[in-house]
Amino acid sequence: MKIEGDRELCIGSGNCAFWLPEVFELDAESKVFVRDPGAAPVERILEMEAQCPVGAIKVKR
C-alpha cells in the first residue's frame, strides 16, 4: 500500500493531521505530507482518504 498527499490539491484543512497525526502532518505551507504510512491501521487511513474535503489523500494498493 502506498499513501500520497497531493500538495497541489491540499487546502490545509488539517483534518488528516488532527485525527491521524502519527501518519499525516502539515508543513510550513499548511500542505499535507505523509509522515509515517505504517503508523495507523489501514482502515483509519482509508477513512482519512474518504474524509479529505478535496481528495488530496490518495491510497494506492
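Start by selecting Pro53, which sits in the loop between α2 (42-51) and β4 (57-60). Helices here are DSSP runs of H or I with at least four residues, strands are E runs of at least two, and both are numbered from the N terminus. Before you click on, know that this is a predicted model, where local features need pLDDT of at least 70, side-chain atom pairs count only at pLDDT 80 or more, and totals for chains, interfaces and linings use all residues. Residues are numbered from 1 along each chain as its sequence is written, and side-chain values use heavy atoms, with hydrogens and water left out.

Stay on Pro53 and show its contacts (heavy atoms within 4.5 Å). Setting aside neighbours within four places in sequence, you'll find Ile11, Ser13 and Asn15 touching Pro53. Now add Glu4 to the selection: Pro53 and Glu4 are 49 residues apart in sequence, and their C-alpha atoms are 15 Å apart in space.

**Zoom out**

Switch to a cartoon view. The chain has two helices and four strands, and reading from the N terminus the order is β-α-β-β-α-β. Draw a box along the principal axes and the C-alpha atoms fill roughly 25 × 20 × 15 Å.

How does the radius of gyration of the chain compare with that of a compact globule? The rule, over C-alpha atoms, is 2.2 Å times the number of residues to the power 0.38. For 61 residues a compact globule would be near 10 Å, and the chain has 10 Å, which agrees.

Try colouring by long-range contacts next. Among contacts between residues at least 6 apart in sequence, 47% join residues at least 24 apart.

Then put on a surface. The accessible area (Shrake-Rupley, 1.4 Å probe; for residues, only the protein chains shown count as cover) comes to about 3800 Å², with 52% of that belonging to carbon and sulfur atoms. Of the 61 residues, 26% are buried; buried means under 20% relative accessible area, exposed over 50%, and partly exposed in between, with a 1.4 Å probe and protein chains only.

**The cysteines**

Select Cys10 and Cys16. Are they buried or exposed? Cys10 counts as buried because its relative accessibility is 8%, and Cys16 is buried too, at 10%.

Why is there no bond from Cys10 to Cys16? The closest cysteine sulfur to that of Cys10 is in Cys16, 6.3 Å away, which is too far for a bond. A disulfide calls for a pair of cysteine sulfur atoms within 2.5 Å, and by that rule the count is zero.

**Ser30**

Keep Cys10 on screen and select Ser30, in the loop between β2 (24-26) and β3 (32-34). Ser30 touches Cys10, Ile11 and Gly12, once residues up to four places away in sequence are ignored. Its relative accessibility of 36% makes Ser30 partly exposed. Check the backbone while you're there: phi of Ser30 is near 60 degrees, a positive value in a residue other than glycine. For a distance to draw, the C-alpha atoms of Ser30 and Gln51 are separated by 17 Å, with their positions 21 residues apart along the chain.

**Phe33**

Last selection: Phe33, in strand β3. With a relative accessible area of 33%, Phe33 is partly exposed. Which residues does Phe33 touch, not counting those up to four places away in sequence? Look for Val23, Phe24, Glu25, Leu26 and Asp27. To link back to the cysteines, pick Cys16 again: its C-alpha is 9.9 Å from that of Phe33, and the two residues are 17 apart in sequence.
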